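Please open the model in your viewer and keep the selection tool at hand. The tour below moves from one selection to the next and says what is found at each stop.

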Amino acid sequence: MWFKGGVATQCWQRGTKFLDEKRGRPPGPRVDRAARREAVIDAAELEIGEHGSEFGLSGVGERMGYARSALYAVFDRRDDLLDAVAARHAGRLTIEMAAVLAGVDGGRERTQLVVEVVIGWVERHRLLATVLAPRLFNESGPASITAPIQDALQQALSEAGCDDRAAAPWAHALIGAVWAAAHWCEAMAGAMDRDELVEQLTELIWDGLAASVKANSSAE
């Protein structure tokens, strides 16, 4: 029996080393790091959805019952957490686009469906979309959704016998135009009917693309 600060602590001796019974990992199952990571992302989604760009790690921790310092065991920086949330939504959007585009051949119809997917996402996640948009629409990497759109444009341009290098800037322009218009419509409390907005954007994007392809083909 040893006394530390007036408190009796049971110890035993193994060779010359004393081990305190109170030390070590707390009882219970080990924490699944992957599951905790997903839980932190879940909490961050809710926090951003309520507070937008003003969200903080302390709020995320409070939702989970964690101290802010505990979150750093999962994400080193606030930006790392934002990247993870953006990557999750990029994956969802990519899957949704692939699902709605499956079996659709018409270029205009495909363009309209992509526009509808992006606008629908903005409508469902107003504050979250504002925070994540720079990562999803303006950057390369796992949190960007421009890659599948660029691939589709490259295929269309190649089939038309045009220079497919235009696919990259067109993909960014397309997604940027849709995001900006959807954000404007949301901020203006439905300044334009959703169906009309989709039609206007589809006409702008597809007619511009078709005209460019036609001009390039004629020049050759």
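Begin by selecting Arg88, which counts as buried because its relative accessibility is 15%, under the 20% below which a residue is called buried. Please keep in mind throughout that this is a predicted model.

With Arg88 still shown, add Glu38 to the selection: the two form a salt bridge, and their closest N and O atoms are 2.7 Å apart. Glu38 lies in helix H1 and Arg88 in helix H4, so this pair ties together parts that are 50 residues apart in sequence. Unlike the buried Arg88, Glu38 is partly exposed, with a relative accessible area of 35%.

Next, select Glu45 and Arg92, which form another salt bridge, with 3.3 Å between the closest N and O atoms. Here too the partners come from helix H1, where Glu45 lies, and helix H4, where Arg92 lies, so that parts 47 residues apart in sequence are tied together. Glu45 counts as buried at 15% relative accessibility, whereas Arg92, at 43%, counts as partly exposed.

Now show Arg37 and Asp42 as well, since both belong, with Glu38, Glu45, Arg88 and Arg92, to a network of linked salt bridges. In general, side chains of opposite charge can pair when their charged atoms come close. Over the whole structure, a search finds 12 salt bridges.

For another of these pairs, select Arg63 and Glu50, which form a salt bridge whose closest N and O atoms are 3.0 Å apart. Arg63 is in helix H2 (residues 57–64) and Glu50 in helix H1, 13 residues away in the chain. Arg63 is partly exposed, with a relative accessible area of 35%, while Glu50 counts as exposed at 53%.

Staying with Arg63, select Glu47, a residue of helix H1 (residues 33–51). Among the residues that Glu47 touches, leaving aside those up to four places away in sequence, are Arg63, Phe55 and Val60. Glu47 counts as buried, at 8% relative accessibility.

Finally, select helix H4 (residues 78–101) together with helix H6 (residues 126–137), whose axes come within 9 Å and cross at roughly 85°. How are H4 and H6 oriented to each other, parallel or perpendicular? At that crossing angle, the two helices are roughly perpendicular. To see where they meet, highlight residues of the contact including Leu82, Ala86 and His89 of H4 and Leu128, Val131 and Arg135 of H6. The residues of this contact divide into nine nonpolar, one polar and three charged.

Conventions. Residues numbered from 1 in each chain as written. Predicted model: local features only at pLDDT ≥ 70, side-chain atom pairs only at ≥ 80, totals over all residues. Heavy atoms only, no water. Helix = DSSP H or I, 4+ residues; strand = E, 2+ residues; numbered from the N terminus. Buried < 20%, exposed > 50% of the residue type's maximum accessible area, 1.4 Å probe, protein only. Contact = heavy atoms within 4.5 Å. Axes fitted to C-alpha atoms, helices over the stretch in contact; angles between N-to-C directions. Parallel < 35°, antiparallel > 145°, perpendicular 65-115°, else oblique. Nonpolar A, V, L, I, M, F, W, Y, C, P; charged D, E, K, R; others polar. Salt bridge = Lys/Arg side-chain N within 4 Å of Asp/Glu carboxyl O.
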